[in-house]
Amino acid sequence: MEDGVTPPKAPDLASLKSMFEDSANLTQTARLESRKDGDYYHGFQWTKDERDALKARGQPDNVFNRVRPAVNGTLGVLKQGATDPRAYPRTPKDEESADVASKVLRFIADFNRFDDLKIRGAKDYLVEGTCAAIVEVDADLQVVVQEIAWEEFFYDPRSRREDFRDARYMGIAKWQYSDDVTALYPDADKALEASLSGGVMGDDTFEDRPNDAAPTVAWVDKKKRRVMVVELYHREGQAWQRCVFHSGGLLAYGPSAYHDDKGRSCNPIEAQSCFVDRENNRYGIVRDMRGPQDEINKRRSKLLHLLSTSQIQAVDPSAIEVDSNTARREAARPDGVIPFGWQKVNTSDMAMGQSNLLAEAKGEIERMGPNPAILGRQGESSSGRAQLVRQQAGLTEQAVIYGGVEEWEFRLYRQMWNRARQYWTAPQFIRITDDDGAPEFVGINTPPTDEQGQQGQPMAGPDGQPLKVNDQGQMDPNGKQAFIMPDGSMALGYQNALAEMDVDILLDATPDTANVQQEQFQMLVELAKMYGPQEVPFDDMLAVSAMPDKRAIIDKRKARAEQAGQMAQQQQQMQMQLAQDGAQADIENKQADTALKSAKAQTELFDAQFKADQAFIGIASPAAGVAPYGVTGVPQGLA
């Protein structure tokens, strides 16, 4: 006991080894058949005995592989029908958190190149029958998704479900060099040396590749100093345990370090099988293709042999005797002369029968893969919408197959989210690149900020540790971190704290829309011809086109449009200023004209008054001596 913590009890090594050996023994037949399915995918479709028989018969041993195109077509449909993880809130308070959760999942998927990993896993799912991956965190606390090769994955052989939810254990068995194991587990040096004399198992499906040695797999390889290292996750009650061991001892053990959304220990391995038969044997779609593929190869070989060779028979016993080998050689030559008394046997009916059966076998194997409607090979001149409708209708028969891959993908995203919630507790920023290529930085677990963008400072409790408070304002070790804001108020919790988010994860299908986009572009071109560029602008046509580097062209046009808009705005302002200046000048001119007219009127009035006064002065002149009309005195204006 150290620091009051009781170390976990070491499990029994023998029982752990028996789990692996039990899985290897009970699934050996299924693994050998899965390996054969893989051989058919890669074109190894004739056995050695069949090749020897064909060679002795003079028939070709050509392989006309129809399995790989059928599987690759299915993988192509999966790749085109990409999915995008979306988080949806479970409560109203988590509405803002859902968008952050979606971006976190996109970041993790981009970091792990999850789309490529999913296609590789889907190939194992379709060919060998089972795909598996493990979701962990590395030394930098980055969420890491690693594919598990089907031949290194083992599981509870009594599991019956395709998704392995009823499996009590599963794990990874892999060859490792002893010095690499010692570097990871220094205390295991002596046990590793002792295990180099370990036992042998009887299943070579776990053997290393390429396999040119014994048909059995050993726990140890003395010559290359390697050991079989098993990482096992097994359930005890409701808790999952993790053990790493080899034949000579334990390397690590204890409860699983990873939790589910309820905080319980969980198994980080997610696996999915395509089909499971009544004997719990797991297999993929190639299993049903092997019969038609064999028929194609053998009938093509037989048909080619019938067309390139001739059968002869003696028709005249009285003819001069000729050796049958000589007659056969002459019949086989393009310019040969068939001896008298011999003739070729008509085999056209046999060739026709072989040809008809060959066509039927081809049609059968093509029906097992994506049909031409799904792959878009029919109706090339039809619209993209019509092709999309045909593809959706053609996928009905394979909906179950695609559903298994989607279920496996969904569970992996859920594991990614649980790893991020559990381990991403420190403030950090993640970068998300949207569809337009513009990066966006999202902060998670960041301190709260006020309206001016200033961050709050974490508060410490009486013991000097970070102060955590519940919603009632009471100290609670399971509560939220308390912060003191610049204005002296207290705020609880980090912004975008992943551990506090409660969301549901769904997968939104984002199918390939190339054909639909081309159709929309053609429709827009026709509309532009009808209504002209004013009603259908060039920028709209450029946005929906498939032109390479159109984003750079759009940005340049946008910059030129903004520059032209600024120049037009400046010209408009200048014109408005000139108009205002002109209007002011008109007002001033009108005011000047009014003042001028007023002054002129006053001047004219003064002139008229002056003339009147002068006239009056002339009438009332002192030289006359007498005021006219009895008027006396001076005029009023001269007083």
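Which residues does W424 touch, not counting residues up to four places away in sequence? W424 touches V104, F107, I108, L141, Q142, V143, R419, I430, I444, N445 and L498, where contact stands for heavy atoms within 4.5 Å. This is a predicted model, in which local features need pLDDT of at least 70 and side-chain atom pairs count only at pLDDT 80 or more, while totals for chains, interfaces and linings use all residues. Residues are numbered from 1 along each chain as its sequence is written, and side-chain values use heavy atoms, with hydrogens and water left out.

**Nonpolar cores**
- The largest nonpolar core (buried Ala, Val, Leu, Ile, Met, Phe, Trp, Tyr and Cys residues joined through side-chain atoms within 4.5 Å, buried being under 20% relative accessible area with a 1.4 Å probe, protein chains only) has 74 residues, and those with the most contacts inside it are V71, V104, F153, M416, W417 and W424.
- The element that gives the most to this core is α14, with nine residues; helices here are DSSP runs (H or I) of at least four residues, numbered from the N terminus.
- Another core, of 23 residues, lies apart from it and includes L16, A173, W219 and A252 among its members.

**Largest pocket**
- The largest pocket (an open set of points on a 1 Å grid over the protein atoms alone, where a 1.4 Å probe fits, with protein on both sides within 12 Å along at least five of seven lines) has a volume, the space filled by probe spheres set on the points, of about 870 Å³.
- Its lining, meaning residues with an atom within 4 Å of a point, has 27 residues, of which K480, Y494, A497, A499 and E500 are the closest to the centre.

Note on methods
Buried means under 20% relative accessible area, exposed over 50%, partly exposed in between (1.4 Å probe, protein chains only). Helices (H or I, at least four residues) and strands (E, at least two) are DSSP runs, numbered from the N terminus.
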